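Here is a friendly walk through a protein model, in questions and answers. Have a look at the structure first, and then we can ask what earns each label.

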Amino acid sequence: MGKMGFSLVLALFLVTVGASSERKCILTGDWQNDLGSNMTISAVNEAGQFSGLYHTAVSATKKQILVSPLNGSQHVDNLEQPTFGFTVKWSFSDSTTVFVGQCFTDDHGEETLQTMWLLRDKAKSMHDNWKATMVGTNVFTRIKVQNVGESVRSDL
């Protein structure tokens, strides 16, 4: 192989390596967290806004858990590891939860959402205000598309 052929192969290799190192993390789709809660995020618009549905697997209330709406936004200027935030207005309680986080893609192309949340319960009085906010973290992983013949999740 001559210098020209070697240069062409090297150039193609560098373009391929450069393209594969740009790992975009996309929020749109179905996710499950470490507690078994599921969410679906709809398409993110040009301004970075999105909506979706959240089905929690855990709750302190004795009421029936219902799928709840979520609304949020993400930075769209750099999709490699975007930061985002969203709010869930619980359909079955007087609570609201806000999540903030970042979308990461590992060396194998697997996406995770690393989040921190604040859950605000409705306080019965100002004296109960001190115990009305909880804080925690969750890690979400993308729910894989099911192959034909496998059971499909119906809880979203």
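Q: What makes Val98, Val100, Met116, Leu118 and Val135 a nonpolar patch?
A: This is a predicted model, and in it these five side chains sit together on the surface with about 430 Å² of accessible area between them. A patch takes residues with over 30% relative accessible area, and nonpolar side chains are joined within 5 Å. Strand 6 (96–105) and strand 7 (111–120) are the elements that each give two or more residues to the patch.

Q: Why is Leu118 called partly exposed?
A: Leu118 belongs to strand 7. Its relative accessibility is 43%, and partly exposed covers the range between 20% and 50%, so Leu118 gets that name.

Q: What lines the largest pocket, and which residues are closest to its centre?
A: The largest pocket has a volume of about 440 Å³. Its lining has 22 residues, and Val58, Ser59, Ala60, Leu119 and Met134 are the closest to the centre. Strand 6, strand 7 and strand 8 (133–142) are the elements that give two or more residues to this lining.

Q: How do the residues lining the largest pocket divide by class?
A: There are ten nonpolar, nine polar and three charged residues in the lining. Among the closest to the centre, Val58, Ala60, Leu119 and Met134 count as nonpolar and Ser59 counts as polar, because Val, Ala, Leu and Met are on the nonpolar list and Ser is not on the nonpolar or charged list.

Q: How do you know that Lys144 and Glu110 form a salt bridge?
A: Their side chains come to 2.7 Å, N to O. The cut-off is 4 Å from a nitrogen of Lys or Arg to a carboxyl oxygen of Asp or Glu, so the pair qualifies. Side chains of opposite charge can pair when their charged atoms come close.

Q: What makes this a link between distant parts of the chain?
A: Lys144 lies in the segment after strand 8, while Glu110 is in the loop between strand 6 and strand 7, and the two are 34 residues apart.

Q: Why does Glu110 count as partly exposed?
A: Glu110 has 37% relative accessibility. Buried would need under 20% and exposed over 50%, so Glu110 is partly exposed.

Q: How many salt bridges are there, and what makes Glu111 and Arg142 one of them?
A: A search of the whole structure finds two. Glu111 and Arg142 meet at 2.5 Å, N to O, which is within the 4 Å cut-off, so the pair counts. Glu111 is in strand 7 and Arg142 in strand 8, 31 residues apart. Arg142 also has Glu110 at 8.0 Å, C-alpha to C-alpha, though 32 residues separate them in sequence.

Q: Are Glu111 and Arg142 buried or partly exposed, and why?
A: Glu111 has 14% relative accessibility, so it falls under 20% and counts as buried. Arg142 has 22%, so it lies between the two limits and is partly exposed.

Q: Why is Gln102 partly exposed?
A: Gln102 is found in strand 6. Its relative accessible area is 24%, so it is neither under 20% nor over 50%. Gln102 and Phe84 are 18 residues apart in sequence and 6.1 Å apart in space, C-alpha to C-alpha.

Q: What is the overall build of the chain?
A: There are one helix and eight strands, in the order α-β-β-β-β-β-β-β-β along the sequence. Of the 156 residues, 26% count as buried.

Technical notes:
Residues are numbered from 1 along each chain as its sequence is written. This is a predicted model: local features need pLDDT of at least 70, side-chain atom pairs count only at pLDDT 80 or more; totals for chains, interfaces and linings use all residues. Side-chain values use heavy atoms; hydrogens and water are left out. Patches are made of residues with over 30% relative accessible area and no salt bridge: like charges are joined within 9 Å, nonpolar side chains (Val, Leu, Ile, Met, Phe, Trp, Tyr) within 5 Å. Accessible areas come from the Shrake-Rupley method with a 1.4 Å probe; for residues, only the protein chains shown count as cover. Helices (H or I, at least four residues) and strands (E, at least two) are DSSP runs, numbered from the N terminus. Buried means under 20% relative accessible area, exposed over 50%, partly exposed in between (1.4 Å probe, protein chains only). On a 1 Å grid over the protein atoms alone, a cavity is a set of points where a 1.4 Å probe fits but cannot get out, and a pocket is an open set with protein on both sides within 12 Å along at least five of seven lines; lining residues have an atom within 4 Å of a point. Grid points are joined across faces, edges and corners, and a volume is the space filled by probe spheres set on the points.
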